Amino acid sequence: KGQSIAETGTTTARPFFHPVALSHLAGRGFHPERKTSLHHLHDQRGARYLLAGDWLRPAYYPKQGRSREELIAAEALAVRTTGGLIDLGTLGKISIMGRDAVDFIERVYTGKFATLKVGMSRYALMCDESGVIIDDGVVVRRAEDRFYVTTTTTASSGIFAELQRWALLWGKHVVLSNETGHRGAINLAGPLSRQVLAPLTDIDLSEKRFPYLAAREGHVLGVPVMAVRVGFVGELGYEIHMPIASAARIWTGILEAGAALGIEPFGVEAQRVLRLEKGHAIISQDTDGLTTPREAAMTWAVKDDKPFFVGQRSLRILSKKAIDRTLVGFTMAAEGPIPKECHLVIDGDRIVGRVTSVVRSPTLNQVIGLAYVHPSQSSPGTVIRIRIDGGALVEGRVSTLPFYDPENSRQKAGAPDRSAAA
């Protein structure tokens with residue numbers, strides 16, 4: 001007291017005796033966590049969760065005496081052989097209505113939707129003004145002037161804000177309704193999915209009346225729903241959208257009806273295995289903040305002969321320039337070390353790319369993955385070298401996509417045999 005700082009002196013630094021995480025020094029985290037309307041049912045099965053954006057999603061469902069890897073493989077194989085049910089309530093769900101709805105959809109997405117028939121759906125890719133991929137989903141045409149679109153889980157809020165911005169900027173007569181928070185969604189997928197669902201619905205599920213990519217409205221267990229013949233896992237399946245208050249009723253009813261056939265829930269980890277077997281990219285995992293459709297091998301989803309879509313001008317400019325990376329599939333033997341996501345692809349003394357997704361496929365009994373490589377290395381059969389932990393190099397072989405069922409026969413008709421996976 002009454003002394004200067006120099007006279008008092010400074011405190012003595014005493015480092016922590018044990019390592020302390022930075023998060024402990026920074027204080028509590030306040031990241032929001034959203035739960036779907038089926039969360040309590042996942043809890044009843046002891047689900048292990050992962051955070052996808054703001055949402056808690058079941059990663060897998062534990063069973064005594066089985067490891068995490070065994071459980072994920074078993075869930076994936078069950079979908080391939082009988083069927084499974086996954087909660088998709090986290091998907092963004094947006095209705096676009098009004099006299100300018102068709103023109104608006106055409107401007108927002110890179111594909112063509114003016115020719116999409118009522119009662120059908122189509123894959124939709126979205127770019128920003130610089131031509132970078134920002135989202136994908138499915139567009140369903142419910143009426144001449146009414147569309148229902150889905151977005152990825154992590155981008156739903158941002159995409160809805162972008163749609164609002166574009167509608168105001170262009171002065172389009174459209175009504176946008178964000179239904180993410182009050183509509184549930186589940187996907188029943190697998191060879192037996194039609195057999196399980198048919199007794200529960202008044203929708204005609206026959207191949208003639210309800211073909212691949214079609215969307216039909218009716219009832220499941222008395223609840224009004226929209227069912228779409230799409231899915232991320234490459235099997236016969238039905239994506240069912242319903243009022244959120246009735247999601248638990250439909251989820252429980254389908255599981256009860258399918259119990260004798262071995263239908264059980266599967267989690268996000270199994271879904272990621274299944275989608276990789278089909279070669280489906282995940283936006284923001286297999287793409288980054290600079291990825292264009294050409295680099296991601298998704299030019300098939302871009303229809304440049306349209307008058308306009310967001311990012312079109314940039315993509316035309318970029319099309320005249322060479323690219324230094326392209327996304328390819330690769331395979332490796334099931335035995336041996338497996339690369340991790342973000343491990344680097346090496347050519348000589350140069351870094352030419354990185355692994356974006358990799359799993360040991362229980363269906364194909366080999367390691368499969370997606371990676372960016374230099375275009376000169378993109379031909380099927382080319383050997384690529386990946387640097388794993390410790391600095392060792394392992395070899396993979398570029399493969400055509402998809403790895404599983406290249407004719408897409410199982411998703412289109414639900415063929416029960418597994419010959420395509422051999």
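Visitor: How many salt bridges does the structure hold?

Guide: The structure, which is a predicted model, holds 24 salt bridges.

Visitor: What makes arginine 68 and glutamate 269 a salt bridge?

Guide: The closest N and O atoms of arginine 68 and glutamate 269 are 3.1 Å apart, and a salt bridge asks for a side-chain nitrogen of Lys or Arg within 4 Å of a carboxyl oxygen of Asp or Glu, so the pair qualifies. The two residues belong to distant parts of the chain, with arginine 68 in helix H4 (residues 68-81) and glutamate 269 in helix H9 (residues 268-277), 201 residues apart.

Visitor: Is arginine 68 buried, partly exposed or exposed, and what makes it so?

Guide: Arginine 68 has 36% relative accessibility, and because partly exposed covers what lies between under 20% and over 50%, arginine 68 counts as partly exposed. Its partner glutamate 269 has a relative accessible area of 17%, which falls under 20%, and therefore glutamate 269 is called buried.

Visitor: How do you know that glutamate 235 and arginine 410 form a salt bridge?

Guide: The closest N and O atoms of glutamate 235 and arginine 410 are 2.8 Å apart, and the limit is 4 Å, so this pair also meets the definition. Glutamate 235 lies in the loop between strand E11 (223-228) and strand E12 (237-243), while arginine 410 lies in helix H11 (residues 409-413), so the pair ties together parts that are 175 residues apart in sequence.

Visitor: Why are glutamate 235 and arginine 410 called buried?

Guide: Glutamate 235 has a relative accessible area of 2% and arginine 410 has 1% relative accessibility; buried means under 20%, so the word applies to glutamate 235 and to arginine 410.

Visitor: What makes aspartate 347 and arginine 350 count as partly exposed?

Guide: Aspartate 347 and arginine 350, whose side chains meet in a salt bridge (3.2 Å, N to O), have relative accessibilities of 31% for aspartate 347 and 43% for arginine 350. Because partly exposed means between the limits of 20% and 50%, the term fits aspartate 347 and arginine 350.

Visitor: Which residues are joined into one network by salt bridges that share partners?

Guide: Arg80, Glu235, Glu277 and Arg410 are joined in this way.

Visitor: Why is leucine 22 called exposed?

Guide: Leucine 22, found in helix H2 (residues 22-26), has 67% relative accessibility, and exposed means over 50%, so leucine 22 counts as exposed. Together with Phe16, Val20 and Leu25, Leu22 makes a nonpolar surface patch of about 440 Å².

Methods. Residues numbered from 1 in each chain as written. Predicted model: local features only at pLDDT ≥ 70, side-chain atom pairs only at ≥ 80, totals over all residues. Heavy atoms only, no water. Patch = residues over 30% accessible without salt bridge, like charges linked within 9 Å, V, L, I, M, F, W, Y side chains within 5 Å. Areas by Shrake-Rupley, 256 points an atom, 1.4 Å probe, with all protein chains shown as cover. Helix = DSSP H or I, 4+ residues; strand = E, 2+ residues; numbered from the N terminus. Buried < 20%, exposed > 50% of the residue type's maximum accessible area, 1.4 Å probe, protein only.
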